[in-house]
Amino acid sequence: MSTPDKRTATAIAGALAAGETTSVEVTRAHLDRIAEVDADVHAFLHVDAEGALRDAAASDERRAAGASYGPLDGVPIAVKDVLATRGLPTTCGSRILEGWVPPYDATVVARLRAAGLPILGKTNMDEFAMGSSTEHSAYGPTHNPWDLARIPGGSGGGSAAAVAAYEAPLAIGTDTGGSIRQPGAVTGTVGVKPTYGGVSRYGLVALANSLDQAGPVTRTVRDAALLHEVIGGHDPLDSTSIRQPLPSLVDAAARGADGDLTGVRIGVVTELGGEGYQAGVLARFGESVELMTKAGAEVVEVSCPSFVHALAAYYLILPAEASSNLARFDAMRYGLRVTPDGDPSAEDVMRATREAGFGDEVKRRIILGTYALSSGYYDAYYGQAQKVRTLIARDFEAAFEKADVLVSPTAPTTAFRLGEKVDDPLAMYLNDLATIPANLSGVPGISVPSGLADEDELPAGVQILAPAMADDRVYRVGAALESLLAREWGGALLDRAPELTGASS
Amino acid sequence: MTDALMSYDDALARFDPAFGLEVHVELNTATKMFCGCPTEFGAEPNTQTCPTCLGLPGSMPVVNAVAVESAIRIGLALNCEIAEWCRFARKNYFYPDMPKNFQTSQYDEPIAFEGYMDVEVEGETYRIGIERAHMEEDTGKSLHVGGSTGRIHGADHSLVDYNRAGIPLIEIVTKPVLGAGEKAPEVARAYVGQLRELLLGLGVSDVRMEQGSLRCDVNLSLSPKGSGALGTRTETKNVNSLRSVERAARYEVQRHAVVLAEGGKILQETRHWHEDTGITTSGREKSDAEDYRYFPEPDLVPMAPAREWVERLRSELPEPPHERRARLQAEWGFSDLEMRDTVGAGALGLVEETIVAGTSPQTARKWWLGELARRANESETEIGALGVTPAHVARVQALVDEGTLNDNLARQVFDGLLAGEGEPDAIVAARGLAIVSDEGALGAAVDHAIAANPDVADKIRDGKVAAAGALIGAVMKEMRGQADAGRVRELILEKLS
């Protein structure tokens, strides 16, 4: 068992810039770590050692020639398997895309390459990002590095676990209802859902187009800001991408790092707490709010009454969009093809392939969405859900008049045991109770580790939300809370995670 | 199975027809509706594709601004309102030639709506209400291999060409047209013809029905005469020539009439038009069971065409067809009947271009509406699709004017043009069609004719000049038509005086 490279991306970037290490060295160390622990963690669906080392060598050459692409040039990264990667398999955790190798890069991936980040591989996820535990991956679940018997959150459990297990210093996730933030909370890592339209969705295999957003998965707020600046900004290939420059996020994180929150108004959302939230999660949240108050923040309680309808609206809008998005998986052009016996028609092949290729959760949501969009039901379901969405946006607007940022626990519980909720969809859906409103209205959010719950010694997270395009606020407040907590703890939360033994490898 | 038909006159004695047309127009933009792929017709299959028009996972659409501009111009030319705000929607259904298994289209928020077009048939004007003109993307094209008919039934396998997937389409939907009575099929045809003319004038489409860049669905229903109600309609697809629009409408009138007269019910369904046999057959049943689960396309933002832009486009519209017709009729000195025939044959633009190329109006009309219309009719093609261009006609007439050809030889040049033998001059040379002006050869032929027909020659010598026709015929025969009949006549009369 070799020593893992536990440095942050910022530290690695510094070492590369100072000539103390090379990208090949760093990349190889992470590939070694993956080889040692991923049989236990199963964060990766595909590891591209050859490609990552080739890109690392190219990065080192650039650096030697004084032509580095930017601050993260040479820092390796893992990418959620829902983003198209040219030449690398992209399965979205589904059988139906087994073996598909995209002929193009998602814009996020293209920007990572253009910034010189070697791609270590593709991370595990719930099938088509439907889930909160990665148990719905067709390729088996990811295990939480804090306790391998527990879930790493989802859908982006692979990205969060990879970062928590030091298999990668950075990862990309996607967040439709909390798939970046909730895994961040339950693995003791940092996850950011940017403003909707702030990061291009081109090449992100859509779950729900109006909700999806790719973002950073890291161990520190500053690393997230660095990565966010690489992947963010307008993209002409995504019509919903915002034509406005991003505020400086690294500066905002730096500003927050001194832990001073004087003059910042922090709103605690009444509806995102209390019943249904684990006591230890609420305790850590309360402490975080107290720390921020001591650091000069003005804390107010705000009510967002429509948030109670968020989950219901979400589970109409998401399946509706998903049912249409997933229609293209029909065996005609790519991916799995199941040909029934006899003399099957194209329709027979489509039916057999979709039956075999999609998992139960995917089928459940396709049926739900198809129903919600059907004529005669559209107004009552999809139409109503869109109205709820408007109400939630209004609640946010009103709340942001009283507060600069809103805070809540990221997820109602710590990581539960694998298998515990897999047969109870409604219990599973409740994991995203606090994260969904941000997706429904497009505002940015971050999850920062808040400590370990007393009951189970497992990580919990605090969510910080800001108005659309004010992503800098979540970085400033997130960085402040991070440094306030680090002072309390005398180090990072992840330092308290058990060492992985690599028993299975 | 052939359907029973009632005679058209009987059908019209008992029922009032109502029709509506859905016309799909492929825009001639350089790139597709939602991606940068080229739109050129006839490229190798699947060479003009990208992740977006193939619907690859993760790909996203971006609206083609030129297509939006064309849509607005079409809307304005059809006297439509232009939406201040509209969106694309997804029309969900499974079909192998649909890369995403949904078509990005417009549903309840079309870019243009509430317009009209005035159509003239035999001196009467019919106002066709335009319900909407909306934007959408075309599908790929399926090729069914192994069957005898080229249709999916009986095919062994199918190939799909996605070059066409994502080509911008405008769908123009009329309101139900009532009150055209027995003229309904002709009005329907005239509407499509005039719409084509309008689109050509706007320069937004090639509108070549034979290449599918203008495709037509004919909706038709009958109601008991005088009831004023709308009956159950059928939607006949695959109607891809002006002539077929009229024929298909007529056929459905006759077919519906039998069903209704026998107390039966018309099934609301899609029917397929068969150009070869001139009948329609039942396609899929179209009822409320078909649910496209439309919802706003979440990958595209709403469009709000700026009013100043719309007004600028309005001010730049070309002359409307009816004004253009009035102007041209005056310029050319055509009678109402001549003008009507020209428009009716879809030859207005062809005649105009021929005149611009130097031919007199009457001569241009003579060629297009006489010779060429007849040939189009014979070969059951559109007059514009014969392969004969206005420049060809102008050149043939120039050759007649300079004495190289006579009308009969000119017809043979058209044979050559239809057979694709090249330009008129090349055909004249290759077929050896020029008039023989060699007086010696002509004189010899006249002598042969006189010698072979002594009694006719005697009659002419006796002053019966009209008999010369028989000798002229003989001379022309010997000269294989390549003589100037006037000169032949002169020579005969000279020799027999």
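**Close-up views of a predicted two-chain model**

**Figure 1. Contacts and overall make-up of chain B.** In this predicted model, 68% of the chain B contacts between residues at least 6 apart in sequence join residues at least 24 apart. Chain B contains 16 helices and 14 strands. Its C-alpha trace spans about 90 × 55 × 55 Å along the principal axes. Of the 497 residues in chain B, 43% count as buried.

**Figure 2. The eleven-stranded open sheet of chain A.** The strand order in this sheet is β1-β3-β2-β4-β6-β5-β10-β11-β9-β7-β8, and the pairing is mixed. At the edges are β1 (44-47) and β8 (298-302) of chain A, each of which pairs on one side only. From one strand to the next, the twist averages 30 degrees.

**Figure 3. Pairing of β1(A) with β3(A).** Strands of a sheet pair through backbone hydrogen bonds, either parallel or antiparallel. Here β1(A) and β3(A) run antiparallel and are joined by three bridges. A:H46 has A:K122 in β3(A) as its bridge partner. The strand β1(A) is also an edge strand of the eleven-stranded sheet.

**Figure 4. Helix α16(A) against the sheet.** This helix lies across four strands of chain A, namely β5 (190-193), β9 (405-409), β10 (445-452) and β11. Relative to β10(A), α16(A) runs at about 10 degrees. In the strand order of the sheet, these four appear within the stretch β5-β10-β11-β9.

**Figure 5. The loop between β3 and α5 of chain A.** Most residues other than glycine have a negative phi, and most peptide bonds are trans. A:T134, found in this loop, is not a glycine yet has a positive phi of about 65 degrees. A:T134 counts as buried because it has 34 C-beta neighbours inside 10 Å. The loop, between β3 (119-123) and α5 (157-164), also holds A:S155. A cis peptide bond, with omega about 10 degrees, joins A:S155 to A:G154.

**Figure 6. A:M469 in the loop between β11 and α16 of chain A.** The loop holding A:M469 connects β11 (459-465) and α16 (471-489). A:M469 is a residue other than glycine with a positive phi, near 70 degrees. Because 20 other C-beta atoms lie within 10 Å, A:M469 is buried. The helix that follows this loop, α16(A), is the one lying across β5, β9, β10 and β11 of chain A.

Definitions and conventions: Residues are numbered from 1 along each chain as its sequence is written. Chains are lettered from A and ligands numbered from 1 in the order in which they are written. This is a predicted model: local features need pLDDT of at least 70, side-chain atom pairs count only at pLDDT 80 or more; totals for chains, interfaces and linings use all residues. Helices (H or I, at least four residues) and strands (E, at least two) are DSSP runs, numbered from the N terminus. A residue is buried if 20 or more other C-beta atoms lie within 10 Å of its own, exposed if 12 or fewer, and partly exposed in between; C-beta atoms are placed from the backbone. Two residues are in contact if their C-beta atoms, placed from the backbone, lie within 7 Å. Two strands pair if DSSP finds at least two bridges between them. Axes are lines fitted to C-alpha atoms, for helices over the stretch in contact, and angles run from 0 to 180 degrees between N-to-C directions.
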